[in-house]
Amino acid sequence: MHSITKKRFKAYLIDLAVSTTVTLITESLLEKKFKSDVYYNLVHPTLILWSLEYAQLKCGGQTLGYRQAGLKLDSSNGANLSNNQIIKRMAYRDTVGGFIYLQNRAQFEGADGSRFPYDHSAGVRVKEV
């Protein structure tokens, strides 16, 4: 496993911890306004994680976890991250990304760990700062 891959994993765990904390706080504030367990178990946590990640990446290309790990997400062409790139990356990572990892674990992280398949599809790369 490459050093960038290890940093990315640590950053994702930090982001997941922050997202889980916000999810628990907002669930207690909502006080079961939605009667569906599906909402609280699937939709709400995903909505919080994606919202936090989108806002942080749009504002500076770093989430809290990326900042702690010394990583930054940049567009492959050098421009600012677009809305489509961020959303496409998140959706691909949380849907198809796991299946691609299971199919081809050896080549998932690429040459140096800076471009996973979902990064490549969105046209972004992770670099160390």
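Biologist: Which residues are linked in a network of salt bridges?

Modeller: Side chains of opposite charge can pair when their charged atoms come close. In this predicted model, the network of salt bridges links Arg-8, Glu-53, Arg-89, Arg-93, Asp-94 and Asp-119, and the count of salt bridges comes to seven.

Biologist: Which side chain meets that of Arg-8 in a salt bridge, and how many residues apart are the two along the chain?

Modeller: The side chain of Arg-8 meets that of Asp-119, at 2.5 Å from N to O, and this pair links distant parts of the chain, since Arg-8 belongs to helix H1 and Asp-119 to helix H6 (residues 117-122), 111 residues apart. Asp-119 also forms a salt bridge with Arg-89, where the closest N and O atoms are 2.7 Å apart; here the link runs from helix H6 to Arg-89 in helix H4, across 30 residues of chain.

Biologist: Are these partners buried or exposed, and why do they count as such?

Modeller: Buried means under 20% relative accessible area. Arg-8 counts as buried because its relative accessibility is 5%, and Asp-119 is buried because its relative accessible area is 0%. Arg-89 is buried as well.

Biologist: Where in the chain does the salt bridge between Glu-53 and Arg-93 sit?

Modeller: The side chains of Glu-53 and Arg-93 meet at 2.9 Å, N to O, and the pair joins helix H2, which holds Glu-53, to helix H4, which holds Arg-93, with these positions 40 residues apart along the chain. Glu-53 counts as buried because its relative accessibility is 9%, and Arg-93 counts as buried because its value is 12%.

Biologist: How should I read empty space in the model, and how many cavities of 30 Å³ or more does the structure hold?

Modeller: Rolling a probe the size of a water molecule over the atoms shows where empty space is left. The structure holds one cavity of 30 Å³ or more, and the largest cavity has a volume of about 60 Å³. Its lining consists of Asp-15, Val-18, Leu-49, Leu-52, Glu-53, Gln-56, Thr-63 and Leu-64, with H1 and H2 as the elements that give two or more residues. H2 gives the most, with four residues, and by class the lining divides into four nonpolar, two polar and two charged residues.

Biologist: What is the volume of the largest pocket, and which residues lie nearest its centre?

Modeller: The largest pocket holds about 560 Å³ of space, and among its 21 lining residues Phe-9, Tyr-12, Phe-108, Phe-116 and Tyr-118 lie nearest the centre. At least two lining residues come from each of H1, helix H2 (37-60), helix H4 (83-94) and helix H5 (97-103), and H1 supplies the largest share, five residues. The lining has nine nonpolar, four polar and eight charged residues.

Biologist: Which residues lie nearest the centre of the second largest pocket?

Modeller: They are Lys-72, Asp-74, Ala-79, Asn-80 and Leu-81, out of 13 that line this pocket, whose volume is about 180 Å³. H2 and strand S1 (71-75) each supply at least two residues of this lining, which divides into five nonpolar, five polar and three charged residues.

Biologist: Which residues make the nonpolar surface patch?

Modeller: Phe-9, Tyr-12, Leu-13 and Leu-16 make the patch, which covers about 360 Å². Tyr-12 has its place in helix H1 (residues 3-30) and is partly exposed because its relative accessible area is 31%.

Note on methods: Residues numbered from 1 in each chain as written. Predicted model: local features only at pLDDT ≥ 70, side-chain atom pairs only at ≥ 80, totals over all residues. Heavy atoms only, no water. Patch = residues over 30% accessible without salt bridge, like charges linked within 9 Å, V, L, I, M, F, W, Y side chains within 5 Å. Areas by Shrake-Rupley, 256 points an atom, 1.4 Å probe, with all protein chains shown as cover. Salt bridge = Lys/Arg side-chain N within 4 Å of Asp/Glu carboxyl O. Buried < 20%, exposed > 50% of the residue type's maximum accessible area, 1.4 Å probe, protein only. 1 Å grid on protein atoms, 1.4 Å probe; cavity = no way out; pocket = protein on both sides within 12 Å on 5 of 7 lines; lining within 4 Å. Points joined across faces, edges and corners; volume = space filled by probe spheres on them. Nonpolar A, V, L, I, M, F, W, Y, C, P; charged D, E, K, R; others polar.
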